Amino acid sequence: MITGNVKELNKSGNLTGSERQIKDGVADVYNLIQKWMNANSDGMQIIDTIANIKLQHIYKENKDEIKQNGSIPEELESQCTLLLSIIQKMEKIVKKLGVTTAMFVGVMKLQQHLADDLVLFQTWTPDIFVSTVRELTEMYREEYKLKQLVYKNICQAKDRNTMMFYTSSWLHQPYVTDKSHVLLESMLLETGHK
């Protein structure tokens with residue numbers, strides 16, 4: 001039998017207060033990450049199109065041995081505009097993750113004021129939720145910075161290797177590690193979402 005500050009393990013009823021805020025916050029984080037994944041996928045399709053256009057342009061320049069004074073092929077303009085809209089979506093997602101993190105911090109401070117180390121669901125105290133959401137937010141913030149750099153530079157790439165580097169950087173998301181999945185799933189399990 002579990003004793004101490006652990007509340008009922010069954011949280012299927014209507015939650016209120018800090019529990020409701022935390023559970024809603026976890027759902028918000030999950031939904032924001034799903035939106036990120038969709039935006040990343042859409043962005044990858046655009047990146048592939050840009051890469052193909054640029055590689056054809058580079059090949060044509062090399063074949064014709066005529067430099068076009070660094071001009072960008074016309075068909076790239078619409079793709080770059082589409083990629084900008086993806087970058088803007090990602091920026092909003094990162095900002096919303098920051099707001100959600102602030103909400104978790106507020107709940108943690110309230111709980112610290114009311115009672116020390118109060119477990120809200122199964123085993124986690126509010127500070128564990130805060131550290132988890134902060135870590136996730138930081139991963140996506142850093143990944144967003146990388147996406148911005150890719151967006152700013154991909155249309156000016158001058159060779160195949162550079163183009164492939166930008167493409168793989170977008171695809172593999174080096175700042176969003178495998179740990180992000182574990183952190184998200186852990187929060188979902190802790191709050192009873194799964």
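These are my notebook entries on a disulfide, a helix pair and two single residues in a predicted model.

**Entry 1. Disulfide**

I searched the whole structure for disulfides and found one. The partners are Cys80 and Cys155, with an S to S distance of 2.3 Å. I then looked up where the two cysteines sit in the chain. Cys80 belongs to helix H2, which covers residues 74-114, and Cys155 falls in the loop between helix H3 (126-153) and helix H4 (160-172). The two are 75 residues apart, and the pair links distant parts of the chain. For the bench, I note that a disulfide is a covalent bond between the sulfur atoms of two cysteines.

I also took the torsion about the S-S bond of Cys80 and Cys155, which is -80 degrees, and the link is left-handed.

Are the two cysteines buried or exposed? Cys80 has a relative accessible area of 17%, so with the cut-off at under 20% I enter Cys80 as buried. Cys155 has a relative accessible area of 5% and is buried as well.

**Entry 2. Helices H2 and H3**

I looked next at how H2 and H3 lie against each other. Their axes come within 9 Å and cross at roughly 160 degrees. Angles over 145 degrees count as roughly antiparallel, so I put H2 and H3 down as roughly antiparallel to each other. The crossing of H2 past H3 is left-handed. I sorted the residues of the contact of H2 with H3 by type: 17 are nonpolar, five are polar and five are charged.

**Entry 3. Lys89**

I stayed on helix H2 for Lys89, which has its place there. What is the C-alpha to C-alpha distance between Lys89 and Ala39? I have 7.2 Å in space for this pair, while in sequence Lys89 and Ala39 are 50 residues apart. The relative accessible area of Lys89 is 44%, and I list Lys89 as partly exposed because that value falls between the 20% limit for buried and the 50% limit for exposed.

**Entry 4. Gln173**

I checked the backbone at Gln173. Its phi is positive, about 45 degrees, although Gln173 is not a glycine. I flagged this because most residues other than glycine have a negative phi. Where does Gln173 lie? I find Gln173 in the loop between H4 and helix H5, the latter being residues 179-190. Gln173 has a relative accessible area of 13%, which is under 20%, so Gln173 goes down as buried.

Terms used:
Residues numbered from 1 in each chain as written. Predicted model: local features only at pLDDT ≥ 70, side-chain atom pairs only at ≥ 80, totals over all residues. Heavy atoms only, no water. Disulfide = S-S within 2.5 Å. Helix = DSSP H or I, 4+ residues; strand = E, 2+ residues; numbered from the N terminus. Buried < 20%, exposed > 50% of the residue type's maximum accessible area, 1.4 Å probe, protein only. Axes fitted to C-alpha atoms, helices over the stretch in contact; angles between N-to-C directions. Parallel < 35°, antiparallel > 145°, perpendicular 65-115°, else oblique. Left-handed = near helix turned anticlockwise from the far one by under 90°. Nonpolar A, V, L, I, M, F, W, Y, C, P; charged D, E, K, R; others polar.
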